[in-house]
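Okay, thanks for making room for me this morning. I'll put the structure up and walk you through a few spots in it.

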Amino acid sequence: MAQETYQRIVVGYHGCDAAVAEKVLTGKAQLKLSTNTYDWLGQGIYFWEHGPRRAHEWAVEQARLAGAKVKNPSVLAARIDLGVCLDLLDTANTRLLGKWYAEFRRFVRQMGVAMPENRDAVGSRHGDRVLRYRDRAVVDYTLSSLAASEEVRYQTVRGVFLEGRPAFPGSKIALKSHIQIAVRDPACIVQIFQPKPSEYRSDG
């Protein structure tokens, strides 16, 4: 299987707490790979591609949760080299996931455990299934299997996330849809910088 190398730079935005943003910008800390079992693109550092306002909205939403880690919503921007990318905007890659899903299902049955399910989150729109337990499990299984069997090591995963109510009555355009990138290899983050508040705040 040939590796898909996307030698191009995209700009991604990461919602976080202002204190975290300051530490990253001053070199006192690094962004960490997500450990959430419901993150749909598998393990990685998550960015909204060309979506500064969505990143800020997410940080604001997180700040409203009880016991939230985000207290003062902020946004970091990054230039990302997609490198070897599992780009789910390419049907060859979505079909690849379908192939490995069958393998994953057999693996789950052999282990005698329940198949992960995508679920709605409290407060989210019914049917959006923003807690993507199955998606994450299948993506991680696929990429770990390819690394072991074919020595194909993906550095990034990219996909479209459909979310939110229709943009207008009768529309199939979802109000909160976005493109996300999960950076599995931090070396793909070429530069991190602070965007201007006017780029992501409606009152900025």
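**Strand 3 and what surrounds it**

So, strand 3 and strand 6 (residues 156-161) pair in the parallel sense, over 3 bridges. If you want a register point to click on, take C85: its bridge partner in strand 6 is T156.

Strand 3 also pairs with strand 8 (residues 189-193), this time in the antiparallel sense, over 4 bridges. Your register point there is A78, which stands opposite I192 in strand 8.

How many of the 15 residues of strand 3 are buried? It's 12, so strand 3, which covers residues 73-87, is largely enclosed by the rest of the structure.

Before I go on, a word on confidence, since this is a predicted model. The average pLDDT for the protein is 92, and 97% of the residues score at least 70. Going element by element, strand 2 (residues 45-49) has the highest mean, 98, and helix 5 (residues 197-200) the lowest, 89.

Back to strand 6, because V160 sits in it and V160 is partly exposed, with a relative accessible area of 40%. Together with L89 and L162, V160 forms a nonpolar patch on the surface, and the three add up to about 270 Å² of accessible area.

Next, helix 4, residues 133-150, and one acid in it, D140. Is D140 buried or exposed? Its relative accessible area is 19%, and the cut-off for buried is under 20%, so D140 counts as buried. As for who it touches, if you skip the neighbours within four places in sequence, D140 is in contact with G42, Q43 and R184.

Last stop, for those of you who like checking backbone torsions. Which residues other than glycine have a positive phi? I've got two to show you, H50 and E151.

H50 has phi near 50°. You'll find H50 in the loop between strand 2 and helix 2 (52-63), and H50 is exposed, at 53% relative accessible area.

For E151, phi is near 55°. That residue lies in the loop between helix 4 and strand 6. E151 is exposed too, with a relative accessible area of 58%.

So, to pull the strand part together: strand 3 has strand 6 on a parallel pairing and strand 8 on an antiparallel one, with 12 of its 15 residues buried. That's my tour, thanks.

Methods:
Residues are numbered from 1 along each chain as its sequence is written. This is a predicted model: local features need pLDDT of at least 70, side-chain atom pairs count only at pLDDT 80 or more; totals for chains, interfaces and linings use all residues. Side-chain values use heavy atoms; hydrogens and water are left out. Helices (H or I, at least four residues) and strands (E, at least two) are DSSP runs, numbered from the N terminus. Buried means under 20% relative accessible area, exposed over 50%, partly exposed in between (1.4 Å probe, protein chains only). Contact means heavy atoms within 4.5 Å. pLDDT is the predictor's confidence in each residue, from 0 to 100. Two strands pair if DSSP finds at least two bridges between them. Patches are made of residues with over 30% relative accessible area and no salt bridge: like charges are joined within 9 Å, nonpolar side chains (Val, Leu, Ile, Met, Phe, Trp, Tyr) within 5 Å. Accessible areas come from the Shrake-Rupley method with a 1.4 Å probe; for residues, only the protein chains shown count as cover. A salt bridge is a side-chain nitrogen of Lys or Arg within 4 Å of a carboxyl oxygen of Asp or Glu.
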